[in-house]
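Open your viewer and get a selection box ready. We will go from a whole chain to a single residue, then on to a pair of helices.

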Amino acid sequence: MKKDFKHRFLKGKAKTEWIELTRRYFEGETNEEEEKQLRIFLNSPLRKKSEFEELRAVMSFLSEGKSWYAKKEVASRSLYRKAWTAAAIVLLCLCSGATGYLVHQQRNICVAYIYGEKCTDAHTVMQRMQSALKGTQLPEEEATVENQLNEIFRTLDEPVATINDSH
Amino acid sequence: MKRLLLSILLLSTIFQYTVAQSGLQIDRLFDGHYKKQKNAIEVLVKGKKLEPYKLSLFRSLTVKGTEKDFEELEKLVLKDATSAIDKETGMIGGKLYYGFYRFPNKKTNYRYLFYRNASLQNPASNEVTLVYMEGISTLDELKKLFK
């Protein structure tokens, strides 16, 4: 049925119409639909005259070029996508690596800021740690006095022993 | 492609730089503003270095200054003191001279806060020291270790 339709469609146009269409094609005045009609005509048995040979050659050449560029574009798009995918994977790996490294760093920290200066020397930092702890402890003499006071008050709180004198 | 990019974004947002948070008012003191001050010493130790002490976190702040400089520290410590489960304090002239506090455990870790305002006992020593620690060490063990 499709074949019949094509045949009727092509037969409907007079030879002069095809020549006119060919002229317009070379002038660059045809649209997609008209070029399609021309291609169908050139591939049909109705095209008998040699005056269409030149058109056939040009259209074949252009069609070949078009399909070549189409393939190239598909290949280029595919390559573009692959490059993006590869870049994204590399970025993901880098991010994961960086995350792992930084998490490890966060687990082990040894730093002191001494009067505005940052210090990461472990020995110095640990010394400062000891100093800070000593700074929160009461001096020995105070601790001794406090303990003595605690002892005194504890003794006072204890119940007084009563002695029964039978004499 | 969209899923991949979303995964990368998700990873980035999941990972953030986190400063050890104790969930106490004193956390404000360790937000970084003492790091550049010429009258303060701030110490932060986490991880391997604390293993011999059976601690997981050690933070301290020593500030030299005037009464006004120490007001903020004392205020925050006293606020935290209200949630302590064990405490020992000493006052001089209505001000907090020293304080030892133990807070409810964080998972299996004990949490301690030590504070002392040396300037109240000795005006020549115009400094306040604050220490916060987390770990599985008991207080007795800590006392022995830090002698």
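Helices here are DSSP runs of H or I with at least four residues, and strands are E runs of at least two, numbered from the N terminus. Keep in mind that this is a predicted model.

Select chain B and colour by secondary structure: three helices and six strands should appear. Along the sequence, their order is α-β-β-α-β-β-β-β-α. Chain B has 147 residues, of which 46% are buried. Switch on a surface if you like; the accessible area of chain B is about 8100 Å², with 55% of that belonging to carbon and sulfur atoms. Among contacts in chain B between residues at least 6 apart in sequence, 49% link residues at least 24 apart.

Next, pick B:A40, which lies in strand β1 (residues 40–46) of chain B. Is B:A40 buried or exposed? Its relative accessible area is 0%, and buried means under 20%, so B:A40 is buried. Show what surrounds B:A40: beyond its close sequence neighbours, its contacts include A:Y113, A:I114, A:Y115 and A:G116 from chain A, and B:Y34 and B:L61 from chain B. Now add B:T129, 89 residues away from B:A40 in sequence, and check the C-alpha to C-alpha distance of 9.7 Å.

Finally, move to chain A and select helices α2 (residues 15–26) and α3 (residues 32–42), whose axes come within 11 Å and cross at roughly 125°. That angle makes α2(A) oblique to α3(A), and their crossing is left-handed. Show side chains at the contact: A:W18 and A:L21 are among the α2(A) residues there, with A:L38 and A:F41 among those of α3(A). By class, this contact has five nonpolar, two polar and three charged residues.

Key: Residues numbered from 1 in each chain as written. Chains lettered and ligands numbered in written order. Predicted model: local features only at pLDDT ≥ 70, side-chain atom pairs only at ≥ 80, totals over all residues. Heavy atoms only, no water. Buried < 20%, exposed > 50% of the residue type's maximum accessible area, 1.4 Å probe, protein only. Contact = heavy atoms within 4.5 Å. Axes fitted to C-alpha atoms, helices over the stretch in contact; angles between N-to-C directions. Parallel < 35°, antiparallel > 145°, perpendicular 65-115°, else oblique. Left-handed = near helix turned anticlockwise from the far one by under 90°. Nonpolar A, V, L, I, M, F, W, Y, C, P; charged D, E, K, R; others polar. Areas by Shrake-Rupley, 256 points an atom, 1.4 Å probe, with all protein chains shown as cover. Lists of a residue's contacts leave out its neighbours within four places in sequence.
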